[in-house]
Amino acid sequence: MEKRTDKNTYTVIFAIGMVLVVGSLLAYLASSLKPRISENQRLEKQQNILYAMGINDNDETSAVFISTDKAPEAFDANVQDQLVITVDANGTIVKKQSRDEYFEETNQEPYLIDVKKQQASAKDGGERKLPLFVGANKEGKTVYVAPIYGKGLWDAIWGYVAMDENMVVQGAYFDHKGETPGLGANIKQRYFMDDFTGEHLLSNSGEFKGITVAKGNADPKNNNKTDNEVDAIAGATITGDGVSAMIKKDLKLYKPYFDNLKNQAK
Amino acid sequence: MGLLSKKDTKLITDPLADNNPITIQVLGICSALAITAELEASIVMSISVLFVMGVGNVVISLMRNIIPSKIRIIAQLIVVATLVIIVDLVLKAFAYELSKTLSVFVGLIITNCIIMGRFEAFALGNGPWRSFLDGIGNALGYAVILIIVGFFRELLGSGTLLGIPVLGDPIEKTGLYAFGYENNGFMLLSPMALIVVGIIIWVQRTRNKALVED
């Protein structure tokens, strides 16, 4: 005898019913939790930028953000301006706006600019908006924080790099969506991120060279800060290559801004 | 035991050794390879699987009489995926820091064949309480192997446990490294997880001949 649940009509009705129940449950949850989630993500961006600037609660070995309740206050206090530099497809600066000018035009905070969307726009030959956060680090030195975005082995990777006006790295923060735990996921560990501090993005002759995550560079302690290399993570070659690539591609675009800055100072 | 009958206790203890999901049923090998380079990741994954298997088995068991057999695999997949997404969303809203640590595991849990395997083999034919125990038992059996593999891979591969250096400093050449010991970077790569699991299977079958198949 055929069971009731084996009938085709029952199967179809069950499938439709299940999809409706599960779909509406998830849709309801997603939309009701969305405000909280995007608020968390907004605070995280502030924490990331502050982290790269050196405003964090790091202990000896692990990376700790400034707490979420202190982040907005610290962000206002430490980030003096959020510049938006618009470049055309050739990387020439078209427009430079302060935070207030940009906010007036778009009603959006520059730190919420989606780097991925800007990359896509530049790829189609359009303009690209480059946010740059200017602030003072713990020692009172002026640093410039730029967001970067790229791809690792499995999914997106991104980060924030703080530089001084000579494009020497003052601090870096990296994060990822789905790199392998224990291997590629370690790009957000202190031992990897800290290696970037003090590293030069420009070559000795002043050309933009980036920083390569290099295997076996005979400098595991990273004493040589002008070799444009940091030590890679064992077993995470592709994620490391992704980090090198996003630094090269995204930070290069900021070079004209720093060139201008130096020319003005002269 | 007052709480559990003998038969129920077996549901928990069997998967820990003689019916271990990884070494005997050979389920869940993929995630055992992927995330055991560090002990911490192994533990986090074990806890996540424990939760999803316990709840998932109960849900499937409650639905066992209404799920059409023709589309049962898809129905199971939807249950796991829904559970995992709900957990992910709730964590993102209320425990954002934790959700960032766990988000990597979400995809791995949905595709973990232990979960589907136990739904199919046990929860579809048994009541909710027994299914719950079966889920917990198998998740613990999975956890034991994951933690053993994670322990050896992190210790021999990086010289650390839970991120804390235990063998000295490989760069400063202190501790064990002063005698010429080197970390085995090969331990960090997935093939070594397979070899460690292989060794566990070997040891287990040597001790219990009943497990050896002809």
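**Entry 1. The hairpins of chain A**

I began with strands E4(A) and E5(A), which form a hairpin with four residues between them. The model is a predicted one, and I read every entry below in that light.

I looked up the pairing within this hairpin. Strand E4 (residues 142-151) and strand E5 (residues 156-163) of chain A run antiparallel and are joined by eight bridges. I noted two positions along the pair: Gly150(A) has Ile157(A) of E5(A) as its bridge partner, and Val145(A) stands opposite Ala162(A) of E5(A).

I then asked how many residues of E4(A) are buried. The count is seven of the 10, so E4(A) is largely enclosed by the rest of the structure.

I turned to the partner of E4(A) on the E3 side. Strand E3 (residues 128-136) of chain A pairs with E4(A) in the antiparallel sense, here over four bridges. Ala136(A) has Thr142(A) in E4(A) as its bridge partner. The hairpin of E3(A) and E4(A) has five residues between the strands, and I recorded that Gly140(A) takes a positive phi near 85° there.

I followed the chain onward to E6(A). E5(A) and E6(A) pair in the antiparallel sense over seven bridges. Ile157(A), which I had already met as the partner of Gly150(A), stands opposite His176(A) in E6(A). The two strands form a hairpin with five residues between them, and in its turn Met167(A) has a positive phi of about 60°.

**Entry 2. The sheet as a whole**

I next placed these strands in their sheet. The sheet of chain A is open, has six strands in the order E2-E1-E3-E4-E5-E6, and is paired antiparallel. Which strands stand at the edges? I found strand E2 (93-97) and strand E6 (169-176) of chain A there, each with a single partner strand, so one side of each lacks a neighbour in the sheet. The twist from one strand to the next averages 25°.

I checked the burial of the edge strand E6(A). Seven of its eight residues are buried, and I entered E6(A) as mostly covered.

**Entry 3. Two helices of chain A**

I examined the packing of helix H1 (residues 8-53) and helix H2 (residues 71-78) of chain A. Their axes lie 9 Å apart, and the helices pack at an angle of about 50°. H1(A) and H2(A) are therefore oblique to each other. I recorded their crossing as left-handed.

I listed the residues that make the contact. H1(A) contributes Leu43(A), Gln46(A), Gln47(A), Leu50(A) and Met53(A), while H2(A) contributes Ala71(A), Pro72(A), Ala74(A), Phe75(A) and Asn78(A). Sorted by class, the contact of H1(A) with H2(A) has seven nonpolar residues, three polar residues and no charged ones.

**Entry 4. Chain B and its side towards chain A**

I took an inventory of chain B, which has eight helices and two strands. Along the sequence the pattern is α-α-α-α-α-α-α-β-β-α. Taken along the principal axes, the C-alpha atoms of chain B fill a box of roughly 65 × 50 × 35 Å. Of the 214 residues in chain B, 35% are buried. I also looked up the contacts in chain B between residues at least 6 apart in sequence: 75% of them join residues at least 24 apart.

I then turned to the two chains together. In total, 25 residues of chain B are in contact with 26 residues of chain A. Helix H4 (72-94) and helix H5 (96-110) of chain B each supply at least two residues of the side of chain B that touches chain A. The largest share of that side, eight residues, comes from H4(B). By class, the side of chain B that touches chain A divides into 18 nonpolar, four polar and three charged residues.

**Entry 5. A single residue, Asn126(B)**

I closed with one loop position. Asn126(B) is found in the loop between helix H6 (113-121) and helix H7 (128-158) of chain B. Is Asn126(B) buried or exposed? I found it partly exposed, because 18 other C-beta atoms lie within 10 Å, whereas a buried residue needs 20 or more.

Leaving aside neighbours within four places in sequence, I found Asn126(B) in contact with Ser61(B) and Ser131(B). Finally, I looked up Asn126(B) against Ser190(B): the two are 64 residues apart in sequence and 36 Å apart in space, C-alpha to C-alpha.

Technical notes
Residues numbered from 1 in each chain as written. Chains lettered and ligands numbered in written order. Predicted model: local features only at pLDDT ≥ 70, side-chain atom pairs only at ≥ 80, totals over all residues. Axes fitted to C-alpha atoms, helices over the stretch in contact; angles between N-to-C directions. Parallel < 35°, antiparallel > 145°, perpendicular 65-115°, else oblique. Left-handed = near helix turned anticlockwise from the far one by under 90°. Contact = placed C-beta atoms within 7 Å. Nonpolar A, V, L, I, M, F, W, Y, C, P; charged D, E, K, R; others polar. Buried ≥ 20, exposed ≤ 12 C-beta atoms within 10 Å, placed from the backbone. Pairing = 2+ DSSP bridges.
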